[in-house]
Amino acid sequence: MLQKPKGTYDRFGKDADTMLYFRKLVEALMDKYNAKYFETPLFESSELFHRGVGETTDIVSKETYDFKDRGDRNLTLRPEGTAGIVRSLIENKLYVEAKPLKAWYLGPMFRYERPQAGRFREFYQFGYEVFGCDSPMMDAEVISIVINLFKLLGLKGVKVNINTLGDKRSREDYRTALLDYFKPHLNELCDDCKKRYEKNPLRILDCKVDSNNPIMKNAPKMVDYLNDYSKLHFQKVMEYLDAMKIEYTVNHNIVRGLDYYTHTVFEVEADIKGFGSQNVLAGGGRYNNLVENIGGPSTPGVGFAIGLERLFLALQAENIDICENKPVEVYAFAASENEQVYIASLVNSLRLNGFNVDMDYNNRNFKSNFKRADKLDAKFIIIVGSSEVESNTLTVKDNQTKEEYKIKIDDIVEFLDEKLGDNHEN
RNA sequence: GCGUUGUUGGUGAAGUGGUUAACACAUCGGAUUGUGGUUCCGACACGCGUGGGUUCGAUCCCCACACAGCGCCCCA
């Protein structure tokens with residue numbers, strides 16, 4: 001049997017509802033920040049990600065889906081959302097518009113990874129990016145959005161870990177210092193760290209295996225390589241976080257896996273039963289050189305991304321249900337085949353009047369119809385037989401009180417409006 | 001990319017080298033041709049992830065592959 005490709009999934013039922021309602025929730029939240037929705041292509045030229053995300057990152061070096069199209073173009077399925085938005089910003093010259101420009105997106109990303117629970121090869125991210133603002137207030141606001149969203153969802157133990165990488169210059173100086181420092185000690189490090197030394201020396205500090213190794217303790221500290229501007233910026237970010245009463249922990253080992261970050265980087269985690277190290281639900285930071293690197297005018301940026309599969313798994317583990325209950329308001333059926341046409345027209349008119357209506361399409365018997373109405377949790381049942389057709393009335397049963405009414409066909413909308421009251425929305 | 005565990009119907013699952021692969025839930029139909037959520041009866045895997053092999057015979061043993069889960073790496 002044909003099956004879905006590894007690391008993909010079909011979303012339906014409750015999961016599909018969750019996605020739908022999450023999107024609604026995010027739309028409402030984004031309005032509060034006056035952020036604008038963005039859609040960019042699922043695939044871009046491969047070069048964009050090589051230049052944007054960084055040649056040496058794992059994401060680009062071993063996780064992209066690369067392909068050539070029939071015109072021999074080198075394309076890549078987007079592994080993250082920022083690069084595409086930056087490309088769009090430059091191509092459409094959006095940087096001349098309102099500064100800051102706040103953008104959000106929600107859609108699938110692709111990474112060739114080993115699948116695990118809450119981690120897929122095609123996965124969804126909700127992301128947020130701000131361009132043209134280098135105020136530390138914006139760093140803090142971006143962090144606060146994630147916090148507010150998680151609190152809105154009802155997650156417990158939401159915590160932020162932050163760090164600063166300084167500007168491009170301090171980051172490079174620090175990197176050089178680390179390389180010099182670790183070079184004579186390379187043999188004392190684990191195999192992974194030897195690779196990190198080549199690819200991303202900052203990550204060595206993040207190593208779990210070598211964390212107790214004394215060489216780690218004496219390693220150069222980022223703080224010592226920060227210039228005054230960087231230090232001040234970071235300090236201000238923390239002041240704004242304090243002002244917003246957001247709890248955070250400074251963790252100098254946070255580096256992030258994408259090369260474009262400068263200054264503030266952060267990860268947001270929550271206490272999720274049984275999640276362990278997978279409790280980081282969001283990550284982000286500032287990237288003041290990315291727009292320029294991709295070929296636009298020097299424009300600062302800051303943003304975050306949240307992986308939705310892992311987030312939804314967390315909600316499930318915490319028994320949080322964000323789906324709205326949409327009950328069937330009316331279930332209609334005909335007593336016999338003769339009234340089916342009548343039912344079809346009735347149902348159509350009720351729907352046009354804004355009611356949520358389901359019906360019997362198969363001319364089932366009474367018992368089956370009542371069972372189905374119960375299963376759908378229908379508020380009212382409308383039964384049409386020959387006598388109803390003749391007298392232009394409908395038999396309407398309130399499925400909660402079991403009371404039965406004879407309603408003139410012309411009065412049915414008014415009757416249902418009154419009965420369903422505030423719960424009914426047009 | 002590495003290590004490890006698993007894969008029986010719509011779902012939860014039991015099971016054995018040998019005639020019809022338990023049981024439960026769900027679904028559909030009937031008892032009950034204009035009023036139900038109870039009860040009773042009936043239907044429901046041409047098959048035990050896929051492909052090979054061992055065997056007189058395999059869902060059960062062996063091998064490969066696929067997929068899923070867990071850990072590592074990495075990340076959201």
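Is the crossing of α5 and α9 right-handed or left-handed? In this predicted model, that crossing is right-handed.

**First stop: the helix pair**

Select residues 136–153 for helix α5 and residues 228–243 for helix α9; their axes come within 8 Å and cross at roughly 45 degrees. Because of this angle, α5 is oblique to α9.

Next, display the side chains where the two helices meet. On α5, the contact is made by P136, M137, D139, A140 and I143. On α9, the residues to select are H233, K236, V237, Y240 and L241. Colouring this contact by class shows seven nonpolar residues, one polar residue and two charged residues.

**Second stop: strands β14 and β15**

Move to residues 380–384, strand β14, and add residues 393–398, strand β15. The two strands pair in the antiparallel sense, and four bridges link them. To inspect the register of this pairing, pick I382, which stands opposite V396 in β15.

**Third stop: strands β15 and β16**

Keep β15 selected and add strand β16, residues 404–408. Here five bridges join the strands, which again are antiparallel. For a point of reference in this pairing, select L394; the residue opposite L394 is I407 in β16.

**Last stop: the hairpin connection**

Finally, select the connection from β15 to β16. The hairpin has five residues between the strands. Centre the view on K402 and examine its backbone: K402 takes a positive phi near 65 degrees.

Conventions
Residues numbered from 1 in each chain as written. Chains lettered and ligands numbered in written order. Predicted model: local features only at pLDDT ≥ 70, side-chain atom pairs only at ≥ 80, totals over all residues. Axes fitted to C-alpha atoms, helices over the stretch in contact; angles between N-to-C directions. Parallel < 35°, antiparallel > 145°, perpendicular 65-115°, else oblique. Left-handed = near helix turned anticlockwise from the far one by under 90°. Contact = placed C-beta atoms within 7 Å. Nonpolar A, V, L, I, M, F, W, Y, C, P; charged D, E, K, R; others polar. Pairing = 2+ DSSP bridges.
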